[in-house]
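Please open the model in a viewer and keep the selection panel at hand. The tour proceeds by selections, each followed by a description of what is found there.

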Amino acid sequence: MIVQNKLPAEDVIVSARDICMTRGDNKILRNVSMDVRRGEVVVLLGPSGAGKTSFLRTINLLNSFESGEMFVDGHRMGYKKTKAGAYMRDNHHLTEQRRNIGFVFQHFNLFPHMTALENVWHTPVRIMKQPKAQCVEEAKKLLQQVGLSEKMDLHPRELSGGQQQRVAIARALAMHPALMLFDEPTSALDPEMTIEVLNVMQHLASESGTTMIIVTHEIEFARKVADRIVIMADGQIIEQGTPEEVLDAPNHPRTREFLAKVV
Amino acid sequence: MHFDWAFFWQSLFHPSGAFLSGLGMTVAISVVSMVLGLVLGLIVALMRLSRNRALRIIASVYVWILQGIPLLVVLVVIYLGLAAANIYKFQDTSVMGVVLAGSVKAAVVGLTLNCGAYVSEIIRSAISAVPEGQTEASMALGMTGFSSMRWIILPQAVRTMIPPLGNQFNTLMKNTSLLSIIGVSEMFLVTQSISSATFKTFEIFLVTGVYYLLLTTVWTILQNEIECHLSRQLGIPVKSMLSKAQV
């Protein structure tokens, strides 16, 4: 398939255009379009089944979609541009593109056969072939930043859920991604563990200026960290704006209904 | 009942050179066939899990045939059948002064083909048992399918597959007794010739039984050590049979 298209503007890191995703007879995403600027923190909210996670997973093509285009950092995901300017499907290129995007899963998905420290340095060393000593040092620093310097040599099964999720964040950061995606990072955690993970994420948002797209159900957290809140329902974006606009003065009746249920 | 205890103990504790060389042959063929069977099994398992339909079909047909035909028949077809039909004859060859009998080569081929079929199913199910999230996490980190398999999926699958693979090796060692039918001088064939020379069938076959039991027992202990080692890698505290014995 050859498609030509205008590139997104320089300061736009994620540009989703008319993403449609169908599974069987279900329309999961209906023409979702969204631009995310560099350094922006976007929180996706909405009732379950709204397509928030599905949309997040289309950004790094963990989910495939039937139509639409996804641009990350000026490049179309899963495609390589030929000299003539046409886009050609390229899976190898997709693998490289994904290295620029950190993804944090609801169920952490740490590698159980490695210690926390190994989980963090493994990909930079084994896949990116960067010098090991340097990567290990950096991995230690990252684990220190997420408050786990004492737990570095433990295996995932010896860590609490909150600790595992913080290792998973450090693992994603070790790749120096231009963009971090969080898929319900605290949904599988107890309340006290939720706080430690949210603190790490908040620190990341305020200190490092990393672009973040977060799917969560933590409304108060969203209010604190988000530059923009996007409300989804039935596979569509129904409303978006600053936390004050969306949370305090929602326009769409579905948004009001959703907020009334969760707050 | 007549039981020659003296002959029994003699054969058990001071086995003849012929018997020991038979034992050596049994172990050597088992180890070589298992190693080759593991390589073949891994390839077939990856073929069955591949996205290429042709590869999947070839692998399934191979497993279907080799699991459905008795090993004895496979051995006879490979060694005697192919030769009789003038298709291929396993020749004796001499490697650095050591003669390698054609029957031994045929035996290794037959056992490898048989073992590979079972091993591939063990490996395939172990790979399938690794949670989908592991593949997703490695893909999200930017690993290729190969890297993900090499660094993430296989190391985890190995732990699940060790117990059934160990059983497979035990089965393979016991199955080498079938090689006597194509004239490989392994432990069973040597026992048969001792038996027909001495007429002490009961005694000598009991001795052979003890030796097979010894082989499978030693292997079971080794296998347990490997499992313990792999569990420790996952941070699971375990006590091994051997270290318990030392306490």
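The stops below cover two sheets, an interface and a pocket in what is a predicted model.

**First stop: the six-stranded sheet of chain A**

Select strands E8, E9, E10, E3, E11 and E12 of chain A, which in that order form an open sheet with mixed pairing. At its edges lie strand E8 (101-104) and strand E12 (236-241) of chain A, each of which pairs on one side only. Direction ignored, neighbouring strands of this sheet are turned by 20 degrees against each other on average.

Next, add helix H9 (residues 253-262) of chain A, which packs on the sheet and touches E3, strand E11 (228-233) and E12 of chain A. The direction of helix H9 makes about 80 degrees with that of E12(A).

Now restrict the view to strand E3 (residues 41-45) and strand E10 (residues 211-215) of chain A; these run parallel and are joined by four bridges. Which residue of E10(A) stands opposite A:Val41? Selecting the pair shows A:Met212 in that position.

**Second stop: the four-stranded sheet of chain A**

Select strands E2, E1, E4 and E5 of chain A, an open sheet in that order with antiparallel pairing. Strand E2 (26-37) and strand E5 (75-76) of chain A form the edges, each pairing on one side only. Two bridges connect E4(A) and E5(A) in the antiparallel sense. To locate this pairing, display A:Phe71, whose bridge partner in E5(A) is A:Arg76.

**Third stop: the interface between the chains**

Colour chain A and chain B separately, and select the residues in contact: 24 residues of chain A meet 21 residues of chain B. The two chains bury about 2,000 Å² between them, with 62% of it on carbon and sulfur atoms. Within chain A, display A:Arg98, A:Phe111 and A:His113, which lose the most area to chain B and together account for 26% of what that side buries.

**Fourth stop: the largest pocket**

Keep A:Arg98 displayed and add B:Arg51, B:Thr135, B:Met139 and B:Gly145; of the 36 residues that line the largest pocket, these five are the closest to its centre. The space in this pocket is about 1,100 Å³.

To show the elements around the pocket, select strand E4 (67-72) and helix H2 (91-98) of chain A, then helix H2 (17-49), helix H5 (102-129), helix H6 (132-140) and helix H7 (145-175) of chain B; each supplies at least two residues of the lining. Finally, colour the lining by residue class: 16 residues are nonpolar, 11 polar and nine charged.

How values were computed: Residues are numbered from 1 along each chain as its sequence is written. Chains are lettered from A and ligands numbered from 1 in the order in which they are written. This is a predicted model: local features need pLDDT of at least 70, side-chain atom pairs count only at pLDDT 80 or more; totals for chains, interfaces and linings use all residues. Side-chain values use heavy atoms; hydrogens and water are left out. On a 1 Å grid over the protein atoms alone, a cavity is a set of points where a 1.4 Å probe fits but cannot get out, and a pocket is an open set with protein on both sides within 12 Å along at least five of seven lines; lining residues have an atom within 4 Å of a point. Grid points are joined across faces, edges and corners, and a volume is the space filled by probe spheres set on the points. Ala, Val, Leu, Ile, Met, Phe, Trp, Tyr, Cys and Pro count as nonpolar, Asp, Glu, Lys and Arg as charged, and the others, Gly among them, as polar. Two strands pair if DSSP finds at least two bridges between them. Axes are lines fitted to C-alpha atoms, for helices over the stretch in contact, and angles run from 0 to 180 degrees between N-to-C directions. Contact means heavy atoms within 4.5 Å. Buried area is the accessible area (1.4 Å probe) that two parts lose on being put together, summed over both.
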